[in-house]
Amino acid sequence: MTHLISVPVLLGISAFALSTAQMHLPSDFALQAERHKIAGFGGHNKGRFEVEQFHGEFTRGESRFSIKDTAFVSNKGKSSFTLRDANATEIVSANCIMRKNAVTIGIVTFDPKKLSYQCEFVSAGQSLGPRLVLGQPKAVGTKEKLFAKDLRRGEATLFDQPLLVESVHRYKGSKFQSPAAVGYLLLSGEQLVAALELTDVNPTLLVLPDLGEELQRSVLATALALAVFRDPADSALEDTF
């Protein structure tokens, strides 16, 4: 394997925990996975990143609009990135769009248009179309509804390697559940092959060793698409009327 190789607001956590927090992961995967910091994000909306021998540029942004009398809130966002190898050859680029609408009546929030995040990719000068789709599944069971977690689930298919994507809301060594995602799991079939940790301003990609080259690239491109995602569940924007 060519060694390859992900910021939620941590509410209610001490300064010590904030500096050391990690996402909860299955123990077997955590013991095997190699950690790779994606440097250069730093909480910025535009810049350059590096991860092992790869590098590139990214942009990301969000807007929020609300109407007070109807408690209507609309979130929109755009992001992009370009991934290059050590020889500065472009491997893949992506343009992504996020949309979400919600209406709150009393203490109940309705989502007439649940979150949708889609990324269209280009590789070798050819459009691959929308190859990553992330959505907000309906909360199932009392526990999910009680904690009101903004669950994210989706799929990506790049370099002929399909991946399933699931958000993680629990911190390592803690029962605390964050409403916003603190990371994502990436599964190939039923096997967990990678995870993206978002507990720091610079994301961390965790990858199993000895993955095939095409699966490595699919993992990296999918992780970058998630890293540039400005999730409205973690938005610091004020309402505008």
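In this predicted model, R217 is partly exposed, its relative accessible area being 26%. The value falls between the 20% limit for burial and the 50% limit for exposure, which is why R217 belongs to the intermediate class. The side chain of R217 meets that of E213 in a salt bridge, with a distance of 3.5 Å from N to O. Both residues belong to helix α4, where a spacing of 4 residues, about one turn of the helix, separates them.

This pair introduces a broader theme. Side chains of opposite charge can pair when their charged atoms come close. The structure holds 6 salt bridges. Some of these contacts form a network, in which R48, E57 and R84 are linked by salt bridges.

A further salt bridge joins D200 and K37, whose closest N and O atoms lie 3.3 Å apart. Here the partners come from distant parts of the chain, 163 residues apart. D200 sits in the loop between β11 (191-197) and β12 (204-207), whereas K37 is part of strand β1 (residues 34-37). D200 has a relative accessible area of 35% and is therefore partly exposed. K37 likewise counts as partly exposed, because its relative accessibility is 41%.

The salt bridge between R152 and D231 has its closest N and O atoms 2.7 Å apart. This pair also links distant parts of the chain, with the two positions 79 residues apart. R152 is located in the loop between α3 and β8 (153-158), and D231 is in the segment after α4 (213-227). Are these two partners buried or exposed? R152 has a relative accessibility of 1% and so counts as buried. D231 is buried as well, since its relative accessible area is 10%. Burial is assigned to values under 20%, and therefore both residues qualify.

The last residue to consider is Q136, which makes a contact of another kind. Q136 is found in the loop between β7 (126-135) and α3 (141-147). With a relative accessible area of 13%, Q136 is buried. What does the side chain of Q136 reach? Its partner is the backbone nitrogen of L115, at a distance of 3.5 Å.

Taken together, these contacts can be followed by location. The pairing of R217 with E213 lies within helix α4, while the bridge from D200 to K37 links distant parts of the chain. The bridge from R152 to D231 also links distant parts of the chain, and R152 and D231 are both buried.

How values were computed: Residues numbered from 1 in each chain as written. Predicted model: local features only at pLDDT ≥ 70, side-chain atom pairs only at ≥ 80, totals over all residues. Heavy atoms only, no water. Buried < 20%, exposed > 50% of the residue type's maximum accessible area, 1.4 Å probe, protein only. Polar contact = N/O pair within 3.5 Å; in protein donor to acceptor, adjacent residues only side chain to side chain. Salt bridge = Lys/Arg side-chain N within 4 Å of Asp/Glu carboxyl O.
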